[in-house]
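Reader: I'd like a close look at the cysteines in this one, and at whatever packing surrounds them. Could you walk me through that part and then work outwards?

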Amino acid sequence: MPTPGLVPGSDLTVELMTKHLQPGDRITVIGLWPRDLPLLRRRFPANPIAHHLPPLGFERDEEAFRRTIAFVEANSARYYIFACGMPRQELLGDRLSARGKLCGTALCVGSALEFLIGAQQRAPVRMQKAGLEWLFRLYREPRRLAKRYLVQSPPIFALLIRERLRRRGR
């Protein structure tokens with residue numbers, strides 16, 4: 001099977017929300033600043049939106065994590081949008097998946113909702129096409145993203161190279 005092209009999560013989120021969301025589809029959003037919630041509701045007035053903003057560091061606070069899980073499970077939806085940053089949103093998705101109580105589609109989208117509603121600017125299209133959106137974001141928010149992009153993320157490259165070599169060996 002050929003390797004699919006790169007689809008940034010921000011583009012996938014726009015595609016889903018603008019072309020596949022049906023009137024009445026429920027959306028549960030974890031993350032997104034409360035000040036931005038009215039913009040999301042204005043953009044999708046035909047869709048009920050349940051919203052929860054867990055406290056910073058909730059992935060290290062079992063009680064806060066439990067409350068977040070309880071909120072998601074109490075607000076069943078067709079789409080679950082986890083917009084609380086890496087690795088929190090992935091940890092939340094993994095825990096919810098292991099519990100097996102939900103139906104629907106869950107996406108870990110980071111800042112994609114903020115881009116979608118215009119609360120945050122995306123990189124210029126040239127940078128997006130060159131795969132350099134991360135560099136634009138690092139330039140705009142160095143204090144918040146430097147550790148994630150420059151320290152936590154590089155180990156993924158070894159995994160990608162290993163996977164590429166494994167596929168070649170077949």
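Author: Sure, and keep in mind that this is a predicted model. Searching the whole structure for disulfides turns up 0. Why does cysteine 84 have no partner? Its closest cysteine sulfur sits in cysteine 108, 7.5 Å away, and that's too far for a bond, since a disulfide needs the two sulfur atoms within 2.5 Å. Cysteine 103 doesn't get there either, because its closest cysteine sulfur, again in cysteine 108, is 18 Å off.

So what about their surroundings, buried or exposed? Cysteine 84 has a relative accessible area of 12%, so it counts as buried, the cut-off being under 20%. Cysteine 103 is exposed, because its relative accessibility is 67% and the bar for that is over 50%.

Now for the cores. Cys84 belongs to a nonpolar core of 12 residues, whose members also include Ala64, Ile69 and Tyr80. That core is separate from the largest one, which has 19 residues. In the largest core, the residues that touch the most other members are Met17, Val29, Leu40, Ile81 and Leu113. Several elements chip in with at least two residues each: helix 1 (9–20), helix 2 (37–43) and helix 5 (112–116), plus strand 1 (27–31) and strand 3 (79–83). Take valine 29 as a sample: setting aside neighbours within four places in sequence, it's in contact with Leu40, Ile81 and Leu113, and also with Ile49, Ala50, His51 and His52.

On to the aromatics, where the structure holds 1 pair. It's phenylalanine 58 with phenylalanine 65, stacked, with 5.5 Å from centre to centre and 20° between the planes. Both rings' residues are tucked away: phenylalanine 58 counts as buried because its relative accessibility is 1%, and phenylalanine 65 does too, at 3%.

Last stop, helix 7. Its buried residues are Glu133, Phe136, Arg137 and Leu138, and they pack against helix 5, helix 6 (125–129) and helix 8 (142–152). Helix 5 is also one of the suppliers of the largest core. Glutamate 133 is part of helix 7, which covers residues 133–140. It counts as buried because its relative accessibility is 12%. Who does glutamate 133 touch, leaving aside neighbours within four places in sequence? The contacts are Phe115, Arg122, Ala123, Met127 and Gln128.

Methods:
Residues are numbered from 1 along each chain as its sequence is written. This is a predicted model: local features need pLDDT of at least 70, side-chain atom pairs count only at pLDDT 80 or more; totals for chains, interfaces and linings use all residues. Side-chain values use heavy atoms; hydrogens and water are left out. Helices (H or I, at least four residues) and strands (E, at least two) are DSSP runs, numbered from the N terminus. Buried means under 20% relative accessible area, exposed over 50%, partly exposed in between (1.4 Å probe, protein chains only). Contact means heavy atoms within 4.5 Å. A nonpolar core is a set of buried Ala, Val, Leu, Ile, Met, Phe, Trp, Tyr and Cys residues joined through side-chain atoms within 4.5 Å. Rings of Phe, Tyr and Trp (its six-membered ring) pair if their centres lie within 6.5 Å; planes under 30 degrees apart count as stacked, over 60 as edge-to-face and the rest as tilted.
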